[in-house]
Amino acid sequence: NDGQGWVLEGIPQSRLLVLQLQQAGIIPEHVVMLEAPDDVLLQRSRGKLIDPITGDVYHQIFVRPDDDTITQRLEWGQGLSEEKLLAELQCYRCEVTGLRSAYQHVLKVINGDQPPADVYQQALTFIRTRCQIRTPRIVLVGPPGSGKSHLARLVSEKYKLVDVSSSLLLRSVAADGSGAGAEIQPYLDDGRPVPDSLLLQVLEDRLSQVDCSCRGWILHGFPCDLQQARSLQKSQYQPNRVFFLEATDEVCLERLSLRATDPVSGQRYHSVTRPAPNIEIQTRLQTAPEDGTETVTQRLKQFRIRSAAMMSVYPDAVHLDADQDPHSVFEALESRLYTN
C-alpha cells in the first residue's frame, strides 16, 4: 500500500487466526481493543442505523450524523437477533484472553462505553506515542567463544524477547521426528552442516510464530556466512539490529577450552569464571570435542574469513568489544537497542 499503512477491523477473532496472519506477514504495529459491557452492546445493536448511499453506520442514540440530509435517509440496520448476538459475545469472551496474550506488547485496551470522539483521541494518542518503537529483531554475530548465547539470554530475560539459538532449534526440531526434523536428524548424527535451505525453513517457521512477532527475537548461530546473511535479508524476517561481537582468538580459546558440561543436569561450567560447585559434579564434567584447542583454532579461522564478507550485508551493524565481561557487553548492547 505504498508505505501508507493500513487499518484492519474485525479480525483476527482468535489466537489461531493471529498465527495465520503472522505467517502471511501481516503483523500490526498497534492493536486497539475496544471493551464494553454486554448490555451496552445489546443496546447499540438495537439502535443501529445505516446510510443506504454510503453504507456508513450510525446509531439512534450514540452516533448521530451532523448532516440533517443524512439523518433523513437513514434506515434501520438489519442486525443479529439478540440470541445470536449473545452467542457471538460468548464466543468472543472465550477468545479474548488469547488475543490479549498474542498482542500484549502492541496492545491498548480502550473503554468503548464512552463518546466516539473520546475513543478516537485515546486510540490516536496511543498510535502516535508508539509510532517510533519497533519490535526488536536482533541478530548476534561473533566468533565461537564470544559469548553470543550468554548475551542473548541476558537480553531475553530483561526485555522478554524470544531467544532463538539456531543450533538448539535444529536439535529441538530433529527430536520432534516429523517433517523437517526427519530430514535434519541424519545431518546431526553425521556431524555435517544442515543445508541452508532446510535451516532457513526451520528458522522462518520459528520466527513466524506469535511470540516472536509480538515480543521480538534475538537470533544467534545464524547467519554464519555471506550466503546465509543474504538469504535472511531476502526473507520477511530481516533484522533491524545487528551486533558483531569482536573477541580475540586468545580470549575465545580460553573461554571454550576451559568449559565443560555436566551430563546429568546439562549445566555448563567454566574452570575460571563458573567452576563446578562441588567435587561430585567436577569429576563427571565432559568437554565437547568441538571445544578442543585445534578444533577451536580452525573454527576461529573460518569465522574470520566468513565474517569479513558478511559485513558487506550489514554495513550499519554495531561492533561490540566482547573481550569484556558479559555484563559490560550487555550494557553496551542495551544502550544501542532502541537508538536510531
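In the predicted model, lysine 160 is partly exposed, with a relative accessible area of 48%. This value falls short of the exposed class because that class requires over 50%. Lysine 160 lies in the loop that connects helix 6 (148-159) with strand 7 (162-165). Its backbone has a phi near 60 degrees, a positive value in a residue other than glycine. Most residues other than glycine have a negative phi, and most peptide bonds are trans.

Two cis peptide bonds to proline are described here, one between isoleucine 11 and proline 12 and one between phenylalanine 222 and proline 223. For the bond joining isoleucine 11 to proline 12, omega is about 5 degrees. Proline 12 belongs to the segment before helix 1. For the bond joining phenylalanine 222 to proline 223, omega is about 0 degrees. Proline 223 is placed in the loop between strand 8 (217-220) and helix 11 (226-234).

Isoleucine 11 also takes part in a nonpolar patch on the surface, which it forms together with Trp6, Leu8 and Ile26. The area of this patch is about 350 Å². One of its members, leucine 8, is located in the segment before helix 1 (15-23). Leucine 8 has a relative accessible area of 40% and is therefore classed as partly exposed. Patch residues must have over 30% relative accessible area, so the 40% of leucine 8 meets this cut-off.

How values were computed:
Residues numbered from 1 in each chain as written. Predicted model: local features only at pLDDT ≥ 70, side-chain atom pairs only at ≥ 80, totals over all residues. Heavy atoms only, no water. Patch = residues over 30% accessible without salt bridge, like charges linked within 9 Å, V, L, I, M, F, W, Y side chains within 5 Å. Areas by Shrake-Rupley, 256 points an atom, 1.4 Å probe, with all protein chains shown as cover. Salt bridge = Lys/Arg side-chain N within 4 Å of Asp/Glu carboxyl O. Helix = DSSP H or I, 4+ residues; strand = E, 2+ residues; numbered from the N terminus. Buried < 20%, exposed > 50% of the residue type's maximum accessible area, 1.4 Å probe, protein only.
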